[in-house]
Amino acid sequence: MTELEGPGSGAMLLGTASSGLQIEGGETNSSWHEWARLGHVADGSHPGRANDHWNRVEEDTALLRELKVQTHRLGIEWARIEPREGRFDGSALAHYRDEIHRLRSAGIVPLVTLHHFANPLWLEHDGAWIAPSIVRRFTRYVRYVVAGLGDLVEDWVTINEPNVYLLQGYVFGAWPPGSVSIAKYFTGLRMMARAHRAAYVVIHALSSEHNRPARVGIAHHLRVFDAQGSGLVRALTVPIARLTALLAQGLFVRTMTRRCSDFLGINYYTRDIVGLRGRSVAKGRPTNDLGWEIYPAGLARVVRPLYRRYRLPVWITENGTADSDDAFREEFIRRHLLVLARLRDQGIPVERYYHWSLTDNFEWAEGELARFGLIRVDYETQSRSFRRSARYFARVCSGEPLTVGSDRTRTRIG
Ligand code: BGC
C-alpha cells in the first residue's frame, strides 16, 4: 500500500509556505515597493497592502492551528531587518522571534527563508546580487538573523529560487531591476552560489553554538521542459528543451547543491513545452488561472533524477496553484501528494511538503489577481475565510487517507 510514511525515512511533515513581502504589508522600502510604485504590477496593487500579516500574526497563527499543519515556511524580510546598510533593527528581529515562538508553541516546526526575491532598496541601488560585495553583505545579514533566532529555528532556506530571481530580473526584465543582460544573469548565478555557500557555513557554525543542529538548503524552482511535436520537429526541439532546462535550472542546482545543502528544496508548479518558437502549454491539458499546466506527474520527474544524483532528503518547499474559484485545488493537492506517496514507496525520502500558500497574497508582477491561498483574503477588509480545499488539506494533515478512484492510499503522519 502506498503511504506518506515511507521506508526508513520517518513521517512526512505537511505544511504551508509563505514569504515576508507577499503577506506582511507596510512600507519597508524594498525593491518591490519601488517596482510597484513605478507601475510594473499588472493590477496596480502594491505590496504595502498585501495581507497586513505584520499586524495579524496572532490571527494567522490561529489559522495555521486550525489547518493542523505540522510545519510552516515563513520569510524574513531583509529590508525590515537592515533598513540601512549596517543598521540592524532589533524590533523587527523581535517581531519575527515572537512569530516563531507562536508557531513553536502551536507545535508547528518553522522553516525560515532568508531571501525571497525582495532586497532592501539601499542594496538594490548598489548592485544587489551582481556586485561581489553581496557575499559579505548577505553573510552579515544572515549572521545577525541566525544569532538572534538560531535557538528557535533549525531549518533554513538561504535563497528562494535563485533562477527565477535572475531570469525575471535580468533575462525577461519583468521584475526588478528590469535590466536585461545575459552577462549579469551568469554573474548573479556565481554571486548567489558564493553567498549561499558562505551563509551555509555561518548558519552551521552559529547553530552549533546554540546546540541546535541546522539543516540548510536552497528552494529551487524546477519545472519539466518537454520538447514539442513529433518526427523532425521533435528531433530539433529535444536539444532546445534540454538546453533550456540546463540554463534555466540545471546549472543552478549543480552550482549550489553539492557539499552545501542538507536537503533538496524543490518548488514545483508546472511543465513547459519547448518548441521552435518558444514555450507553450501542452495541448488539451488542464491549466490553472494563470494558464499554467496542472501536471502532477512532473513532480516525480523532477524529484527522481535529483535524488539519484545527490542522495539528499527531499523537501517540497512549494507546490500550489492559482484557483480563485477553488474549483480544482483539492484535486491538485491530492494528485501531487499521491505522487509523493509513490516516491516514498520507492524509497525516496520525501520528508516535507509545503503547500503554497496559506493565504492569497501579493503575487509579484500579477499583484493581487492570482489567488494561491488555501484561505481566501478579502484585501479591502483583510478578512480571511477557509476555502473548501483548506478544509480538505486540514483533514489530510490530520491523517485522512488520500483517495483517488479505486486507489486508496493511507496517510500516516506524526
Ligand atoms: C515563488 C512564490 C510565488 C509562487 C507562485 C514561486 O515561484 O517562490 O513567491 O508566489 O511561485 O507564483
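This report walks through the ligand site, the pockets and cavities, and a few unusual backbone spots in a predicted model.

## Around the ligand

Let's start with the ligand. A shell of 14 residues surrounds it, and Q22, H116, E161, E318 and E363 are the closest of them. Sorted by class, that shell comes out as six nonpolar, five polar and three charged residues.

Some side chains bring polar atoms up to oxygen atoms of the ligand. For E363, a polar side-chain atom sits 2.5 Å from a ligand oxygen. E161 has a polar side-chain atom 2.6 Å from an oxygen of the ligand, and for W356 the distance from a polar side-chain atom to a ligand oxygen is 3.2 Å. As for cover, the ligand on its own has 310 Å² of accessible area, and the protein covers 95% of that.

## The largest pocket

Where does the ligand sit among the open spaces of the protein? The space it takes is the largest pocket. That pocket holds about 960 Å³ of space. It is lined by 44 residues, and if you want to find its centre, look for Q168, F172, H221, R223 and R279, which are the closest to it.

Several elements contribute to this lining. The helices α8 (162–171), α9 (182–209) and α10 (231–257) each supply at least two residues, and so do the strands β5 (215–227), β6 (264–275) and β7 (278–280). Which element gives the most? That is β6, with six residues. By class, the lining of the largest pocket splits into 22 nonpolar, 13 polar and nine charged residues.

## The second largest pocket

Next comes the second largest pocket, with about 560 Å³ of space. It has 22 lining residues, and those nearest its centre are R223, A245, Q249, R301 and P305. The elements giving two or more residues to this lining are β5, α10 and α11 (297–310).

Here α10 takes the largest share of the lining, at ten residues. The class split for the second largest pocket is 13 nonpolar, two polar and seven charged.

R223 turns up in both pockets. It is among the residues closest to the centre of the largest pocket, and it is also one of those nearest the centre of the second largest. Both β5 and α10 are shared in a similar way: each gives at least two residues to the largest pocket, and each gives two or more to the second largest.

## Closed-off space

Now for the cavities. Rolling a probe the size of a water molecule over the atoms shows where empty space is left. How many cavities of 30 Å³ or more does the structure hold? There are four.

The largest cavity contains about 100 Å³ of space. Its lining is made of 13 residues, with H53, D60, H72, E99 and L358 nearest the centre. Two or more of the lining residues come from each of α3 (57–67), β2 (71–75) and α5 (90–105), and the largest share, four residues, belongs to α3. In terms of class, you get six nonpolar, five polar and two charged residues around the largest cavity.

## Backbone oddities

A few backbone spots deserve a look on screen. Most residues other than glycine have a negative phi, and most peptide bonds are trans. Which peptide bonds here are cis? One runs from P176 to P177, with omega near 10°, and P177 is in the loop between α8 and α9. Another cis bond joins W356 and S357, with an omega of about 15°. S357 belongs to the loop between β9 (350–356) and β10 (375–378). W356 is worth a second glance, as it also has the polar side-chain atom 3.2 Å from an oxygen of the ligand.

Then there is F117, which is not a glycine but still has a positive phi, about 70°. You can find F117 in the loop between β3 (109–115) and α6 (121–124). The residue just before it in the numbering, H116, is one of the closest to the ligand.

Technical notes
Residues are numbered from 1 along each chain as its sequence is written. This is a predicted model: local features need pLDDT of at least 70, side-chain atom pairs count only at pLDDT 80 or more; totals for chains, interfaces and linings use all residues. Side-chain values use heavy atoms; hydrogens and water are left out. A residue is near a molecule or strand if one of its heavy atoms lies within 4 Å of it. A polar contact is a pair of N or O atoms within 3.5 Å; within protein, one must be able to donate a hydrogen and the other to accept it, and residues adjacent in sequence count only if both atoms are side-chain atoms. Accessible areas come from the Shrake-Rupley method with a 1.4 Å probe; for residues, only the protein chains shown count as cover. On a 1 Å grid over the protein atoms alone, a cavity is a set of points where a 1.4 Å probe fits but cannot get out, and a pocket is an open set with protein on both sides within 12 Å along at least five of seven lines; lining residues have an atom within 4 Å of a point. A molecule sits in a cavity or pocket if more than half of its atoms lie within 2 Å of its grid points. Ala, Val, Leu, Ile, Met, Phe, Trp, Tyr, Cys and Pro count as nonpolar, Asp, Glu, Lys and Arg as charged, and the others, Gly among them, as polar. Grid points are joined across faces, edges and corners, and a volume is the space filled by probe spheres set on the points.
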